[in-house]
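Biologist: Please show me how to read the rings and hollows of a protein model. I would like to begin with the rings.

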Amino acid sequence: MRNYYYMFLILVFTLLLNACITKNKKANDNNPTNIETAYFGQKPPGLVPEVFAPGIVRNASNISFSPNLDEVYFSVHQKEEDISSIYFSKLRGNKWTPVKKANFTNGGKNEELYPFVSLIDKRIYFTALDSIFSDEKIWYVNRLEDSWSDAVQLDSPINKDLVFYINQAKNGNLFYTSISNGKMYYAPNKNGEFPDVQEVKLEFGHHGFISPSQEYLLVYTRNKENEKRKDHDIYVCFKEKDGTWTRPISFGNEVNSNFNEGCPSITPDGKYMFFGRDQEDGTGNLYWVSTEIIDELRPK
């Protein structure tokens, strides 16, 4: 009798184990991107920032990944032509496609930069312009299977000003910077439309990037700890219970150097922070670091 009991337990355990394996396999089939293939197969960083994908992503100022981490878009400043353009790559199977220029507006605008892949729909938002400090507006394309739609200028009060560096929270709210006054604004998502804009009340900072959950906001500005220094550093603001933002907190020497840091962003899964850093030779690299470094700055 006891043998039958043990055999029954073994049978139940085997059935449960097979069910778990099947469930995990289905989950992986629905989201084929894993840490071995995501991020160009780069080894994830810890609490010390590391250069991202050296030799692949060159002289980029910002970067944005699709929600499934199987597409990447980044803007590059081409010094020879003194213009910025957006480049991209897609994961096909276990390999990333060669990096190519996107040209979303098909030459309709002289420059395209600061791409952001929407977290809630098929859009890629970006900034497009013909002349610096004159006509910067927010545009978007719809992501198709192997291409994208015609570029459309966003129909929203957002574009009544000169604006750039747009990004989006998981609830669809858009955050961006006004070039005219250097302040941050956001536009609440109302069924896919953005009819209203509101200022984000910050003590200082621009080029802000909202975390997916809107728990914190990354900004950068001229170094505030040393008046003699002219380089730009990255700061984080945490949202208070009443909806206001804390005073920007510097990342200190862990992230900020004697060179300019800027254009911070957070990956869709909330695990990594990316930012740009100028180099001594005038070029720039993208760095990434675990967002645990943000948690360590959170007020207790």
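Modeller: Rings of Phe, Tyr and Trp (its six-membered ring) pair if their centres lie within 6.5 Å; planes under 30 degrees apart count as stacked, over 60 as edge-to-face and the rest as tilted. In this structure Y39, F40, F52, F65, W96, Y272, F274 and W288 form one aromatic cluster. This is a predicted model, where local features need pLDDT of at least 70 and side-chain atom pairs count only at pLDDT 80 or more, while totals for chains, interfaces and linings use all residues. Residues are numbered from 1 along each chain as its sequence is written, and side-chain values use heavy atoms, with hydrogens and water left out.

Biologist: How many aromatic pairs does a search of the whole structure find?

Modeller: The search finds 28 aromatic pairs. A pair of aromatic rings is described by the distance of the centres and the angle of the planes. F204 and Y235 are an edge-to-face pair, with 5.3 Å from centre to centre and 85° between the planes. F204 is in the loop between β14 (198-199) and β15, and Y235 is in strand β17 (residues 232-238), so the pair ties together parts 31 residues apart in sequence. Strands (E, at least two residues) are DSSP runs, numbered from the N terminus.

Biologist: Are F204 and Y235 buried or exposed?

Modeller: Buried means under 20% relative accessible area, exposed over 50%, partly exposed in between (1.4 Å probe, protein chains only). Both F204 and Y235 are buried.

Biologist: Which residue lies over the face of Y140?

Modeller: A charge sits over a ring if NZ of Lys or CZ of Arg is within 6 Å of the ring centre and within 35 degrees of the ring normal. R123 lies over the face of Y140, 3.8 Å from the ring centre. R277 lies over the face of Y287, at 4.4 Å.

Biologist: Now the hollows. What is a cavity, and what is a pocket?

Modeller: On a 1 Å grid over the protein atoms alone, a cavity is a set of points where a 1.4 Å probe fits but cannot get out; a pocket is an open set with protein on both sides within 12 Å along at least five of seven lines, and lining residues have an atom within 4 Å of a point. Grid points are joined across faces, edges and corners, and a volume is the space filled by probe spheres set on the points. The whole structure has two cavities of 30 Å³ or more. The largest cavity holds about 100 Å³ and is lined by 14 residues, with F116, F209, I266, T267 and P268 nearest its centre.

Biologist: How much space lies in the largest pocket?

Modeller: About 880 Å³. Of its 33 lining residues, S61, H77, Y114, Y220 and C263 are the closest to the centre.

Technical notes:
Helix = DSSP H or I, 4+ residues; strand = E, 2+ residues; numbered from the N terminus.
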